[in-house]
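Please take some time with the sequence and the 3D structure shown below, and keep both in view as you read. The paragraphs that follow lead from paired strands to a single residue beyond them, and then to pairs of charged side chains.

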Amino acid sequence: MRPPNRARVPFPAVSLPFEDLWESERCVWHRIESGIPTDLRTNDPQQDDPTVGKAWPMGRTVRAAVLIELLTTDRRAGERRPRALHLVGARIMGGLDFSGLTLVCPLTLEGCHLGKRVSFDEARAPRVELS
């Protein structure tokens, strides 16, 4: 249970209070409605290579649980639906397990480091692109 003085920001209905989201996660949160890519690359090809992503700093890290929640939580009545989650050059911390879930918008992960298991078994999604 969270303390009563901690305000939540409406949608996406992430179980963490907004102030507990990391800066990189806040960027994704703000851009999911418009579908604008969240680009966390440094523009140095060697540093942006996903094969070295395990060493990327926290500023490039997004928790898998936050992505799952953002992608599977629809807005409440009267609010706009998320348009797309497009993430570039991020280290995804934790496993992305969408098994049996329905994604409410397209997902694009471009040049991201996925250190753990990714599963879309029996998931439904408008579109998923992993490159």
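Leu85 has Leu107 as its bridge partner in strand β6, and this match belongs to a longer pairing, since strand β3, covering residues 85–88, and strand β6, covering residues 107–110, are joined in the parallel sense over 4 bridges. The model in which we see this is a predicted one, and it should be read with that in mind. On β6, Leu107 also stands opposite Val128, which lies in strand β9, and the two strands β6 and β9 (the latter made of residues 128–130) run parallel and are joined by 3 bridges.

If you follow the chain onward, you come to Ser131, whose place is in the segment after β9. Is Ser131 buried or exposed? Its relative accessible area is 63%, and because a residue counts as exposed when this value is over 50%, Ser131 is exposed. Even so, Ser131 has partners from elsewhere in the sequence: when its neighbours within four places are left aside, Ser131 is in contact with Leu109, Glu110, Gly111 and Cys112. Taking Leu109 as one of these, the C-alpha atoms of Ser131 and Leu109 are separated by 6.4 Å, although the two residues are 22 residues apart along the chain.

Let us turn now to the charged side chains, among which 5 salt bridges are counted. In one of them the side chains of Glu25 and Arg63 meet, with a distance of 2.6 Å from N to O. This pair links distant parts of the chain, as Glu25 sits in helix α1 (residues 23–31) and Arg63 in strand β2 (residues 61–63), 38 residues apart. Glu25 has a relative accessible area of 0% and is therefore buried, and Arg63 is buried as well, because its value of 17% falls under the 20% limit.

Another salt bridge brings together the side chains of Asp39 and Arg41, again with 2.6 Å from N to O. How accessible are these residues? Asp39, at 38% relative accessibility, counts as partly exposed, and Arg41, with a relative accessible area of 39%, is partly exposed too.

A further salt bridge returns us to the region of β9, where Arg127 pairs with Glu129, their closest N and O atoms being 2.7 Å apart. Arg127 has a relative accessible area of 37%, so it is partly exposed, and Glu129, at 37% relative accessibility, likewise counts as partly exposed.

Definitions and conventions
Residues are numbered from 1 along each chain as its sequence is written. This is a predicted model: local features need pLDDT of at least 70, side-chain atom pairs count only at pLDDT 80 or more; totals for chains, interfaces and linings use all residues. Side-chain values use heavy atoms; hydrogens and water are left out. Two strands pair if DSSP finds at least two bridges between them. Buried means under 20% relative accessible area, exposed over 50%, partly exposed in between (1.4 Å probe, protein chains only). Contact means heavy atoms within 4.5 Å. A salt bridge is a side-chain nitrogen of Lys or Arg within 4 Å of a carboxyl oxygen of Asp or Glu.
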